[in-house]
Amino acid sequence: MSDLSSENADEAGEAGAGIGEYEGDRDAEGQRHGFGKARLPNGDTYEGEYEHGLRSGHGTYRFKNGALYTGNYLQNKKHGKGVFFYPDGSKYTGDWVHDQRQGYGEYLYANGDTYTGEWADNKRHGQGTYVYKDTGSKYVGCWVNGIQDGPAELVHLNYRFKGRFLNGKPLGRGKFIFDIGCEQHGEYIQPVQEKEEEDEDEPPLPLEPIWKVSEITKLTPWSPHDDELLVPREAAGTVAEEEKNPSVTVTEEGGDHPASDAGGEGEERREEEVNQSQEDQEITDFGG
């Protein structure tokens with residue numbers, strides 16, 4: 001595949017040594033300047049604006065494998081607004097800084113998932129919304145280096161969770177809000193896995209956080225940024241959940257979110273991890 005470093009090297013070599021094909025405007029020194037069309041030695045093509053031998057301004061770069069970028073350039077680097085179409089059908093539309101996705105943009109993944117929000121250094125970073133196509137669920141909140149991390153809301157078909165995430169998983173205090181008009185308060189606790197003697201040399205697999213219920217209430221005003229996330233609430237007594245919300249099962253020690261969606265969030269996380277790997281591969285293949 002053609003990566004961006006080879007693309008820049010090929011065109012720089014073409015301009016400096018007179019190889020490849022170019023048709024268009026030039027400056028007084030014979031460098032490409034203004035509008036032009038170029039075919040690189042590797043088969044890629046560029047049509048757009050130049051400044052003193054470098055792609056600067058608006059242009060369209062076509063990779064020989066079918067990928068395409070159309071948007072702004074600055075000194076041979078994608079910089080400003082632009083759209084990148086990848087060969088697998090995925091697409092990024094938004095801001096670029098020195099060949100990297102940075103600023104605000106939308107990424108449509110090959111499996112139909114979408115992310116809309118902030119980017120830094122080619123990764124989802126800041127505030128953003130990730131929508132899972134298969135389930136319609138969406139994560140609305142903070143991201144750090146491509147991972148769900150910080151205050152957020154996870155919205156499902158008939159209920160949603162508000163709380164904090166750490167390394168892609170909910171952790172700490174939060175609440176489930178159900179469309180039937182009640183809330184389930186509690187916290188996600190990270191269980192500790194005990195090592196077996198014969199497996200001392202192998203690191204234990206991470207366990208999924210466990211949801212423990214503290215109380216059931218009517219709907220109350222609340223946002224992920226409230227101090228409630230940091231200061232434990234006084235348990236007001238657990239109400240039998242079958243009376244308040246038949247779709248949720250609660251035990252004396254705690255409870256789970258709706259049984260009909262058991263395992264769903266884990267599957268969604270796996271889909272998102274696949275798409276994160278896809279982003280990383282595209283960085284390798286195309287330099288962003």
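## Two residues with positive phi

Gln75 makes a good starting point: with a relative accessible area of 55%, Gln75 is exposed, because that value is over the 50% cut-off. The model you are looking at is a predicted one. To find Gln75, look in the loop that joins strand S5 (68-74) to strand S6 (77-85). Its backbone is worth a glance too, since the phi of Gln75 is near 50°, a positive value in a residue other than glycine.

Asp99 also has a positive phi, of about 75°, although Asp99 is not a glycine. You will find Asp99 in the loop between strand S7 (91-97) and strand S8 (100-108). Is Asp99 buried or exposed? Asp99 is buried, as its relative accessible area is 5%, and buried means under 20%.

## A glycine in a loop

Moving along the chain, Gly112 sits in the loop between S8 and strand S9 (114-120). Gly112 counts as partly exposed, at 22% relative accessibility, because this value falls between the 20% and 50% cut-offs.

Another glycine can be picked out together with this one. In sequence, Gly112 and Gly89 are 23 residues apart. In space, the distance from C-alpha to C-alpha for Gly112 and Gly89 is 9.5 Å.

## The second largest pocket

Next, turn to the second largest pocket, which holds about 240 Å³ of space. Its lining is made up of 13 residues, and the closest to the centre of the pocket are Ile147, Asn167, Gly168, Arg269 and Glu273. Two elements give two or more residues to this lining: strand S12 (147-155) and helix H3 (264-286).

Which element gives the largest share of the lining? That is H3, with six residues. Sorted by class, the lining of the second largest pocket has six charged residues, six polar residues and one nonpolar residue.

## Cysteines and disulfides

Finally, here is a look at two cysteines. Cys142 counts as buried, at 16% relative accessibility. Cys182 is buried as well, with a relative accessible area of 6%. Both labels follow because buried means under 20% relative accessible area.

How many disulfides are there in this model? A disulfide is a covalent bond between the sulfur atoms of two cysteines. Here a pair of cysteine sulfur atoms has to lie within 2.5 Å to be called a disulfide, and by this rule the count comes to zero.

Note on methods. Residues numbered from 1 in each chain as written. Predicted model: local features only at pLDDT ≥ 70, side-chain atom pairs only at ≥ 80, totals over all residues. Heavy atoms only, no water. 1 Å grid on protein atoms, 1.4 Å probe; cavity = no way out; pocket = protein on both sides within 12 Å on 5 of 7 lines; lining within 4 Å. Points joined across faces, edges and corners; volume = space filled by probe spheres on them. Helix = DSSP H or I, 4+ residues; strand = E, 2+ residues; numbered from the N terminus. Nonpolar A, V, L, I, M, F, W, Y, C, P; charged D, E, K, R; others polar. Buried < 20%, exposed > 50% of the residue type's maximum accessible area, 1.4 Å probe, protein only.
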